[in-house]
Amino acid sequence: MMAMARAGFCFLAMTKTGSTAVERAFQRHAELVVRRPPRMKHATARTFDRVFVPVLEFYGHPRESYELVCVVREPVDWAHSWWRYRARPGSEGSPQHTGGVSFDEFAERIVAGEVDLGSSSNFVRVRAGRPPVERVYRYEHLDVAAAWMAGRLGVDVPAMGQVNTSPPAADPVAASTRRLLEEHYARDVVLHESAL
């Protein structure tokens, strides 16, 4: 999470959406950057509202003075990225390690509730009567999000490097697995399709 309230926005860092690259590109312009722990770095809109809005208000930035911005990823691609990330070399021994687990099996565990990755629709959900996440960009439009942020800051658009990426995919996702996850993440599919 990064607060650039003077420039009129705060960036919420959804997992596996290039948020670390965004952080590296823009952190020097932020009034507040949260890197650790991961649950705080990846604070949801509700958590941001409860924890960080009062802090920013205390320092002269009422909630109506800035927009919330985030990036979301197509949910099957997002889950597939998590599966690849958890299988990376060096993660052996972790209870979340997916080495030796097929993506089909990983998807079935997600749907069964054995693996909880969260969801983008829950990430952007706010309490009733509270301001929404005003700008939601697609992961594949990260360059557009970066250009918008740079414009607000009045700086050149930075190069967005590859940071904290998952290993490349070897095989495409099976159609049946894609359908299973799209049904499970139906609200996330709608959110992604409606994003900028």
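Modeller: Before we start, a residue counts as buried when its relative accessible area is under 20%, and as exposed when it is over 50%. The model we are discussing is a predicted one.

Colleague: Which residues of helix H5 are buried?

Modeller: On the face of H5 turned away from its buried side, Glu-108 and Ala-112 are exposed, so these two fall outside the under 20% class. The residues of H5 that do fall in the buried class are Phe-103, Phe-106, Ala-107 and Ile-110.

Colleague: How wide is the arc that they cover around the axis of H5?

Modeller: The residues in question are Phe-103, Phe-106, Ala-107 and Ile-110, each of them buried. They lie on the same side of H5, because the arc that they cover around the axis is only 100 degrees.

Colleague: Which helices do the buried residues of H5 pack against?

Modeller: One of the partners can be approached through its contact list, since the axes of H5 (residues 103–112) and H8 (residues 175–184) come within 10 Å. In that pair, residues including Phe-103, Ala-107 and Ile-110 of H5 meet Thr-177, Leu-180, Leu-181 and His-184 of H8. The buried residues of H5 pack against H8 and also against the helix spanning 75–86, which is H4.

Colleague: Are H5 and H8 roughly parallel or roughly antiparallel to each other?

Modeller: Their axes cross at roughly 25 degrees, and the crossing is left-handed. An angle under 35 degrees places a pair in the first of your two classes, and therefore H5 and H8 are roughly parallel.

Colleague: How many of the residues in the contact of H5 with H8 are nonpolar?

Modeller: The H5 side of the contact consists of Phe-103, Asp-104, Ala-107, Glu-108, Ile-110 and Val-111, and the H8 side of Thr-177, Leu-180, Leu-181 and His-184. Of these residues, 2 are polar and 2 are charged, while the number of nonpolar ones is 6.

Colleague: What is the relative accessible area of Lys-16?

Modeller: Lys-16 sits in the loop between strand E2 (9–12) and helix H1 (19–26), and its phi is positive, near 55 degrees. Most residues other than glycine have a negative phi. Lys-16 is classed as buried because its relative accessible area is 11%.

Colleague: What is omega for the peptide bond from Arg-36 to Pro-37?

Modeller: Pro-37 is found in the loop between strand E3 (32–33) and helix H2 (38–41). Most peptide bonds are trans. The bond from Arg-36 to Pro-37, however, is cis, with omega near -10 degrees.

Definitions and conventions: Residues are numbered from 1 along each chain as its sequence is written. This is a predicted model: local features need pLDDT of at least 70, side-chain atom pairs count only at pLDDT 80 or more; totals for chains, interfaces and linings use all residues. Side-chain values use heavy atoms; hydrogens and water are left out. Axes are lines fitted to C-alpha atoms, for helices over the stretch in contact, and angles run from 0 to 180 degrees between N-to-C directions. Helices (H or I, at least four residues) and strands (E, at least two) are DSSP runs, numbered from the N terminus. Angles under 35 degrees count as roughly parallel, over 145 as roughly antiparallel, 65 to 115 as roughly perpendicular and the rest as oblique. A crossing is left-handed if the near helix is turned anticlockwise from the far one by less than a right angle, and right-handed if clockwise. Contact means heavy atoms within 4.5 Å. Ala, Val, Leu, Ile, Met, Phe, Trp, Tyr, Cys and Pro count as nonpolar, Asp, Glu, Lys and Arg as charged, and the others, Gly among them, as polar. Buried means under 20% relative accessible area, exposed over 50%, partly exposed in between (1.4 Å probe, protein chains only). The arc is that of the directions from the helix axis to the C-beta atoms.
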